[in-house]
Amino acid sequence: MLQSPHPNDRPDTPLEAQMRERARALAETGGVAEALAAGRLPARAMLTLSEGLVLGLLRQGVRTFFAIFGHGSTDLGNVLRVYAEEGQVSVINCRNEVEMAHAATARAWVHGETPAVVTSIGPGALQAMAGSLAAASNGVGVYHIYGDETTRGEGYNMQQVPKPEQGLFGRITALMGQSYTLHTPEALRDCLRRGTACVHHPYKAGPFYILLPINTQPQAAEINLATLPGRLDVPRMAPAGGSGVFERARDLLARAERPVIKAGGGTRGAPAAIRRLAEHLGAAVVLSPGSTGVLPDAHPQNMHVGGSKGSISGNFAMEEADLVIFAGSRGVCQADCSGVGYPKARAVININGDLDDVSHYANTICLPGDVGAVAERLIAATERAERPNWLEACAAKKSEWAAFKASRLSAPPMHDAAFGRDCLTQPAAIGAVASFAKAHNAIKVFDAGDVQANGFQIVEDDAPGQTFTETGASYMGFAVSALLGAAGVRDPKYAIAFTGDGSFMMNPQVLIDAVEHGVKGMIALFDNRRMAAITGLQYAQYGVEFATNDSVAVDYVLMASAVAGVKAVHGGHSIAELEAALAEAHAHDGLSLVHIPVYNGRDPISEMGAYGSWNVGNWVDDVQSRYLQQNI
């Protein structure tokens, strides 16, 4: 049972007393289904929409609510108060809707628990929806519950979209993903059925938006609790036999000389099957930024990350492949170099549960279904292959990349104009923090920017779940907010947020919220006084930077130390000083921050480099011209 705060001193209203009795029935039996089976809850009950929603979400295992209450959610908030006092839900009050959307995404992505985000009507809901882009882009299921305008049309509701049309917030959220407006309490069953189909989708989960009109929240209706849907649970699927699709895939593989498996984020749940498939086919494996660890870093067939940023070895394997087996990959522009990453590929075998993604490329044999199940079927349908020449060529490039990476990680401090002294280069500093994380079994979390771009080239993961990098939406502020996702988790893994100065300032309120909710973790703040990823892109495309830096020095140690409970230390200007600072921060029983000044300049040793193409800026004509020449 969750920790229960002391109830308020005032006596319950009759309605609250009934709610409390139902909450205690759950506590004593173990849950909604158990209370129904034991007769402690009637199958049919008169409930307010707010309480029915809470009970329905509890039946699906949703027990954590990240919330910023307002006038658009007072009734739902009161129900959550009663259920929290009885230990059935945990409510994490936050200070920014984008922050809590990220925290909820991390709760589901990192810790495997489906949470809900609760906001009022208006600007808060828009902010939370903006933050939900990270969940949508990374295939993470989260419930988003927003207050909405009343259904009676008595006049403008404060903070609604000021336009004389109906249901505008529901229409806005429906553009982002799947959405349901609960105009009628009796529609709760259908809402939650659609909700679990979205939030718990086995292949392409995402946020589900529930719009709660202010006046329907306290409205009572008879609800059949026995018919409220539990969490979606469907069996793993693979193509049926007899279709000939595996035979066609076998024939393609028999003719291939240089096959590559592109392991996307969808392979994180099937690392063993992907490894067996690669070894069975004699194929090189190229990772996406979000799939590091699917093959152990040192595995000879792991060519590391490929794409617009990529690596020497990963991009070599992409460029030379004559057959590509996409597995759990969406074909994101940076992952496949805006469609020009495989110039020699003649055909594709695509393994994906989503019909749009599985048919994305031309000349494709589609193998829809669960990545692991389909991979095992493909192994059974094909002969084991040895491709020594291909794997030896890949191994040589892997060694070249390893030597290059070692030179970058061992680069000495360099004089930085903004700080007026020698500072660590960003790859050297990231490498030191990543090594510290690995030595202490800490999760690494990256958000958008130069830190992330260098980070996914540097990390050396041996299993999925060691690094979480928000490359789906490239959301600045995600990493530090993700630390709050551990609030209330029993025995959470220690996490380190890798963030730049620009990204950190997007969501600095985590300094307060993490302390308030007892989070233990670390912020590694790499400060180069600019948006360095865009500065680098500007130089690469136009030879000059513009409006991506500032002249304002910030003492981040002083800033973070102003928050009681935060341990802030300076990371120094050498690897030895940084390692000492990391150890000091890690020893703190709470949130810590390490401020790491890093060099920014034109010396190439200060970056990990870029190895692919991207359809942006003045590269567009060249990339689009080459796209027309692709076979896939």
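Colleague: Why is lysine 567 called partly exposed?

Modeller: Keep in mind that this is a predicted model. Its relative accessible area for lysine 567 is 29%. Buried means under 20% and exposed means over 50%, so with 29% lysine 567 falls in between and counts as partly exposed.

Colleague: What makes lysine 567 and glutamate 584 a salt bridge?

Modeller: Their side chains meet at 2 kinds of atom, N and O, 3.1 Å apart. The rule asks for a Lys or Arg nitrogen within 4 Å of an Asp or Glu carboxyl oxygen, so this pair passes. Lysine 567 sits in strand β21 and glutamate 584 in helix α23, so the pair ties together parts 17 residues apart in sequence. As for glutamate 584, a relative accessible area of 40% makes it partly exposed.

Colleague: How many salt bridges does that rule give?

Modeller: The count is 34. One of them joins aspartate 12 and arginine 20, with 2.6 Å from N to O.

Colleague: How do you know whether arginine 20 is buried or exposed?

Modeller: Check its relative accessible area, which is 6%. The limit for buried is under 20%, so arginine 20 is buried. Its partner aspartate 12 has 30%, so that one counts as partly exposed.

Colleague: Why are glutamate 85 and arginine 81 separated by about one helical turn?

Modeller: Because they are four residues apart in helix α4. They also form a salt bridge, with the closest N and O atoms 3.3 Å apart, and both residues are buried.

Colleague: Which residues are linked with these in a network of salt bridges?

Modeller: The network has Arg10, Asp12, Glu16, Arg20, Arg24, Arg81, Glu85 and Glu86.

Colleague: What makes you say that both faces of strand β2 are covered?

Modeller: Look at each side in turn. Thr64 and Phe66 are on one side, Phe65 and Ala67 are on the other, and all of them are buried. As a rule, side chains in a regular strand alternate between the two faces of the sheet.

Colleague: How do you know that β2 and β3 pair?

Modeller: Pairing needs at least two bridges, and β2 and β3 have four, in the parallel sense. Phenylalanine 66, for instance, has isoleucine 92 in β3 as its bridge partner. The chain crosses from β2 through α4 to β3, and that β-α-β crossover is right-handed. β2 also pairs with strand β4, again in the parallel sense, over three bridges. There, phenylalanine 65 stands opposite alanine 116.

Colleague: What makes the phi of serine 338 worth a look?

Modeller: The angle is positive, about 55 degrees, although serine 338 is not a glycine. Most residues other than glycine have a negative phi. Serine 338 is in the loop between β12 and β13, and its 16% relative accessibility makes it buried.

Colleague: Why is asparagine 441 called exposed?

Modeller: Its relative accessibility is 54%, and the cut-off for exposed is over 50%, so asparagine 441 makes it into that class. Asparagine 441 lies in the loop between α16 and β17, and has a positive phi of about 55 degrees although it is not a glycine.

Colleague: Which residues make the nonpolar surface patch?

Modeller: Met506, Met531 and Ile534 make it, and the patch is about 260 Å². Patch residues need over 30% relative accessible area. Methionine 506 has 44%, so it clears that limit and counts as partly exposed. You'll find methionine 506 in the loop between α19 and α20.

Terms used. Residues are numbered from 1 along each chain as its sequence is written. This is a predicted model: local features need pLDDT of at least 70, side-chain atom pairs count only at pLDDT 80 or more; totals for chains, interfaces and linings use all residues. Side-chain values use heavy atoms; hydrogens and water are left out. Helices (H or I, at least four residues) and strands (E, at least two) are DSSP runs, numbered from the N terminus. Buried means under 20% relative accessible area, exposed over 50%, partly exposed in between (1.4 Å probe, protein chains only). Patches are made of residues with over 30% relative accessible area and no salt bridge: like charges are joined within 9 Å, nonpolar side chains (Val, Leu, Ile, Met, Phe, Trp, Tyr) within 5 Å. Accessible areas come from the Shrake-Rupley method with a 1.4 Å probe; for residues, only the protein chains shown count as cover. A crossover is right-handed if, with the strands pointing away from the viewer, the path from the first strand over the helix to the second runs clockwise.
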